[in-house]
Amino acid sequence: MHQYKGKMILHTGSMFSGKTSSLWKDLNRFEIAKYNTVVFKPKLDNRYAKQQIVTHDNNKMNAVNVESIYDIVDYMKTSKATVIGIDEVQFIKGDIKDIIKILDYFLENEFTIVLAGLDMDFKSEPFEIVKEIMPRVDYLYKHHAVCANCGMDAWVSYRKTHDGERIKLGSQESYEPLCRKCFYEKEKIRQKMENQLSMLDD
């Protein structure tokens, strides 16, 4: 697998599309091939396990909790790993320019980087860091869940609840994957309800 030295791989898409499963599969293959690997996950994401990445089909891998890209730099100063995995990369903190520079540094020094993360939030707005990373990767995989409404390929993670904060952790109780058409239809209904409530408040 030496062809992946100095290469960056990104698995992206909506929730429930298999991004973390694909990250796990890639890193597991590198481990089988006797590469030293390490996977990082943001401290914010503690839904399933604090120090593991956990796929929806319950595959697990030990992970290092970090707040920011700078924590990853500090960890790698003493690590023997040559393959770096980052799950939920959209939650990794740090100046975007710094994140890109640091990823470039690892790539220039022939590290392999495997990333997984959401491309868009629940309003279909791109996550800025993923938007910047996408054109820079060597291998880009856009994964699709199944639309919970019609069964087509899903496009976005739709939030079932009516709160407005951008970052809200959750799983099937809070989010459902929707195709573009079903997303637009539900957004029109949501907007209509919000307008009616606003009129009542006035």
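Colleague: Which residues does Val89 touch, not counting those up to four places away in sequence?

Modeller: In this predicted model, Val89 touches Leu115, Ala116, Gly117, Ile129, Val130 and Ile133. Val89 itself is placed in the loop between strand 6 and helix 3.

Colleague: What makes Val89 count as buried?

Modeller: The relative accessibility of Val89 is 4%. Buried means under 20%, so Val89 is called buried.

Colleague: How far apart are Val89 and Asp119 in sequence and in space?

Modeller: They are 30 residues apart in sequence, and their C-alpha atoms are 9.7 Å apart in space.

Colleague: Where is Asp87 found, and why is Asp87 called buried?

Modeller: Asp87 also belongs to the loop between strand 6 (83-86) and helix 3. Its relative accessible area is 5%, and the limit for buried is under 20%, so the label applies to Asp87. Leaving aside neighbours within four places in sequence, Asp87 is in contact with Thr20, Leu23, Phe40, Lys41, Pro42, Ile53 and Ala116.

Colleague: What makes Asp119 and Lys142 a salt bridge?

Modeller: Their closest N and O atoms are 2.3 Å apart. A side-chain nitrogen of Lys within 4 Å of a carboxyl oxygen of Asp meets the criterion, so this pair qualifies.

Colleague: Which parts does the pair of Asp119 and Lys142 tie together?

Modeller: Asp119 lies in the loop between strand 7 (112-118) and helix 4 (128-133), and Lys142 lies in strand 8 (residues 139-143), so the pair ties together parts 23 residues apart in sequence.

Colleague: Is Asp119 buried or exposed, and what does Lys142 count as?

Modeller: Asp119 has 8% relative accessibility and counts as buried. Lys142 has a relative accessible area of 38%; that is neither under 20% nor over 50%, so Lys142 is called partly exposed.

Colleague: How do you know that Lys77 and Asp74 form a salt bridge?

Modeller: The closest N and O atoms of Lys77 and Asp74 are 3.5 Å apart. The cut-off is 4 Å, so they count as a salt bridge. Lys77 has a relative accessible area of 63%; exposed means over 50%, so Lys77 is exposed. Asp74, at 45%, counts as partly exposed.

Colleague: Which other side chains meet in a salt bridge, and how many salt bridges does a search of the whole structure find?

Modeller: Glu132 and Arg136 meet in one, at 3.2 Å from N to O. Glu132 is partly exposed at 30%, and Arg136 is partly exposed at 39%. The search finds six salt bridges.

Colleague: Why are helix 2 and helix 3 called roughly parallel?

Modeller: The axes of helix 2 (residues 69-76) and helix 3 (residues 96-108) come within 10 Å and cross at roughly 25°. Angles under 35 degrees count as roughly parallel, so the term fits helix 2 and helix 3. Their crossing is left-handed.

Colleague: Which residues make the contact, and how do they divide into nonpolar, polar and charged?

Modeller: Helix 2 contributes Ile69, Tyr70, Ile72, Val73 and Met76, and helix 3 contributes Asp98, Ile99, Ile102 and Phe106. They divide into eight nonpolar, no polar and one charged. Asp counts as charged, so the charged one is Asp98.

Colleague: What does the secondary structure of the protein come to, and what share of its residues count as buried?

Modeller: There are five helices and 10 strands. Of the 202 residues, 45% count as buried.

Conventions. Residues are numbered from 1 along each chain as its sequence is written. This is a predicted model: local features need pLDDT of at least 70, side-chain atom pairs count only at pLDDT 80 or more; totals for chains, interfaces and linings use all residues. Side-chain values use heavy atoms; hydrogens and water are left out. Buried means under 20% relative accessible area, exposed over 50%, partly exposed in between (1.4 Å probe, protein chains only). Helices (H or I, at least four residues) and strands (E, at least two) are DSSP runs, numbered from the N terminus. Axes are lines fitted to C-alpha atoms, for helices over the stretch in contact, and angles run from 0 to 180 degrees between N-to-C directions. Angles under 35 degrees count as roughly parallel, over 145 as roughly antiparallel, 65 to 115 as roughly perpendicular and the rest as oblique. A crossing is left-handed if the near helix is turned anticlockwise from the far one by less than a right angle, and right-handed if clockwise. Contact means heavy atoms within 4.5 Å.
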